Amino acid sequence: MSGRRPSLIHRGLVLILRLFLGGLFIYASVHKLQDPVAFSKIIYNYKILPGFLINMSAIVLPGVELVAGIMLIIGFMSRGAALIITASLLVFICAISYNLARGLEFDCGCFSFSRSTKGAAVDLLIRDLIFLAMALRMLCARGFAWSLDWLFGLEPKQHS
Amino acid sequence: MPQKHHPLVRSVIEAAVVLAIGSLAGVVNNAFSSHSIPCVGEWDKTYGVPSPGGEHAATHGNREIGLAEARRLFENGAVFVDARPAGEYREGHVAGAISIPEDEFRLYLEEVLRVGEERPMVVAYCRGMECDEAHLLAGRLHDAGINEAVVFAGGLTEWSRAGLPVEKGGGGNVR
């Protein structure tokens, strides 16, 4: 421990990443929460999960996205939420890459339910990789300033 | 419990808590959703058109038929309705089928009523096993009072693969 606080710019950057990624996950969860039927079909069309896991994933995944997004924004258990969001992005990237590699046409279902083409799949892979880079940067931050955890003393205040 | 655990251990514990609360939120949301699904769906294609199951799935309430029964109904003069968009219908459809694109159902109400008057047995189909337009259309036909609408699950794919009559072009009612 150096005893030096992270700079204001650094703390600001981490806060912006937290708000952005949290908001992104909340936004992405809304249409999935509204229509489990449609989301289950999206998961089916990825052709990765066995049949008996499709419905449970369609039920649980949007809830986890929503809660992780909210926790990240308010900064309560923010480390755990950041970990979940990073892991989710990794899983999405693997699923999209796998389907691109085997030439399957599918609808990503990320933010809406609409048919997407291969070009769109490449675009969303690049987009998810950018989000992943942001999530990793956030996860590596030494302190989540201006979060509830920070207020409660669960995040370092005086030392970095 | 400030700084009780190693930061990494704390992160993992927190992640587990977030996962548990999120899962619970998902389950509660599904229970109260107007599009709720059961815990396990019917995704095995050998048993019909794959769907999440439950009363909100497109496949709910419709009878699915296989190739043999579709063929028998075809020979007995049942009405075949093509639930795909009109463009796909023009490129090829079951011989004699009429086009009622599911997403433009309202525009085709006249055809629907005419079908209902002419022959009671209606067979709806779309591309194949993994499209649900035929099921959605059959549901709408039921709502319109055509009670004997069934779904040929294999759709045009299975029909043409079996060498059964297919034709191209506009047909009588395509807009």
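In the predicted model, chain B contains an open sheet of 5 strands, arranged in the order β1-β6-β5-β2-β4 with parallel pairing. The edges of this sheet are formed by β1 (64-65) and β4 (98-99) of chain B, each of which pairs on one side only. Helix α5 of chain B, spanning residues 133-143, packs on the sheet and touches β1, β2, β5 and β6 (149-152) of chain B. The direction of α5 makes about 175° with that of β6(B).

Within the sheet, strand β2 (residues 79-82) and strand β5 (residues 122-125) of chain B run parallel and are joined by 4 bridges. The register of this pair can be followed residue by residue. B:V79 lies opposite B:V122 of β5(B), B:V81 has B:A124 as its bridge partner in β5(B), and B:D82 faces B:Y125 of β5(B). On its other pairing, β2(B) is connected to β4(B) by 2 bridges, again in a parallel arrangement. B:D82 takes part here as well, with B:S99 as its bridge partner in β4(B). B:D82 thus stands opposite B:Y125 in β5(B) and is also bridged to B:S99 in β4(B). Strand β5(B) is in turn linked to β6(B) by 3 bridges, and these two strands run parallel. In this pairing, B:V123 stands opposite B:V150 of β6(B).

The side chains of the two strands β2(B) and β5(B) were examined next. From β2(B), B:V79 and B:V81 point one way, whereas B:F80 and B:D82 point the other way, and all are buried. The charged residue B:D82 is therefore included among the buried positions of β2(B). Strand β5(B) is likewise covered on both faces: B:V122 and B:A124 on one side, and B:V123 and B:Y125 on the other, are all buried. Among these residues, B:V122 is the one opposite B:V79, and B:A124 is the bridge partner of B:V81. On the other face of β5(B), B:V123 is the residue that stands opposite B:V150 in β6(B), while B:Y125 stands opposite B:D82.

Chain A has 6 helices and 0 strands, and its pattern along the sequence is α-α-α-α-α-α. Of its 160 residues, 51% count as buried. Among contacts in chain A with a separation of 6 or more, 73% are made by residues 24 or more positions apart.

One helix pair within chain A involves α2 (residues 36-46) and α3(A), whose axes come within 9 Å and cross at roughly 120°. The two helices are therefore oblique to each other, and their crossing is right-handed. On the α2(A) side, the residues involved are A:P36, A:F39, A:S40, A:I43 and A:Y44, which meet A:I54, A:N55, A:S57, A:A58, A:L61 and A:P62 of α3(A). This contact comprises 8 nonpolar and 3 polar residues, with no charged residues.

Helix α3 of chain A (residues 51-74) also packs against a helix of chain B, namely α1 (residues 7-32), at an angle of about 125° and with the axes 7 Å apart. The helices α3(A) and α1(B) are therefore oblique to each other, and α3(A) passes α1(B) in a right-handed crossing. The contact draws on A:I59, A:V60, A:G63, A:V64, A:V67, A:A68 and A:M71 from α3(A), and on B:V18, B:L19, B:I21, B:G22, B:S23, B:A25, B:G26, B:V27 and B:N30 from α1(B). Classified by residue type, this contact has 11 nonpolar, 5 polar and no charged residues.

B:G22 illustrates the contact at the level of a single residue. This glycine is located in helix α1 of chain B and counts as buried because its relative accessibility is 0%. With its neighbours within four places in sequence left aside, B:G22 is in contact with A:V60, A:G63, A:V64 and A:V67. These four residues of chain A are among those through which α3(A) makes its contact with α1(B).

Methods. Residues numbered from 1 in each chain as written. Chains lettered and ligands numbered in written order. Predicted model: local features only at pLDDT ≥ 70, side-chain atom pairs only at ≥ 80, totals over all residues. Heavy atoms only, no water. Axes fitted to C-alpha atoms, helices over the stretch in contact; angles between N-to-C directions. Parallel < 35°, antiparallel > 145°, perpendicular 65-115°, else oblique. Left-handed = near helix turned anticlockwise from the far one by under 90°. Contact = heavy atoms within 4.5 Å. Pairing = 2+ DSSP bridges. Buried < 20%, exposed > 50% of the residue type's maximum accessible area, 1.4 Å probe, protein only.
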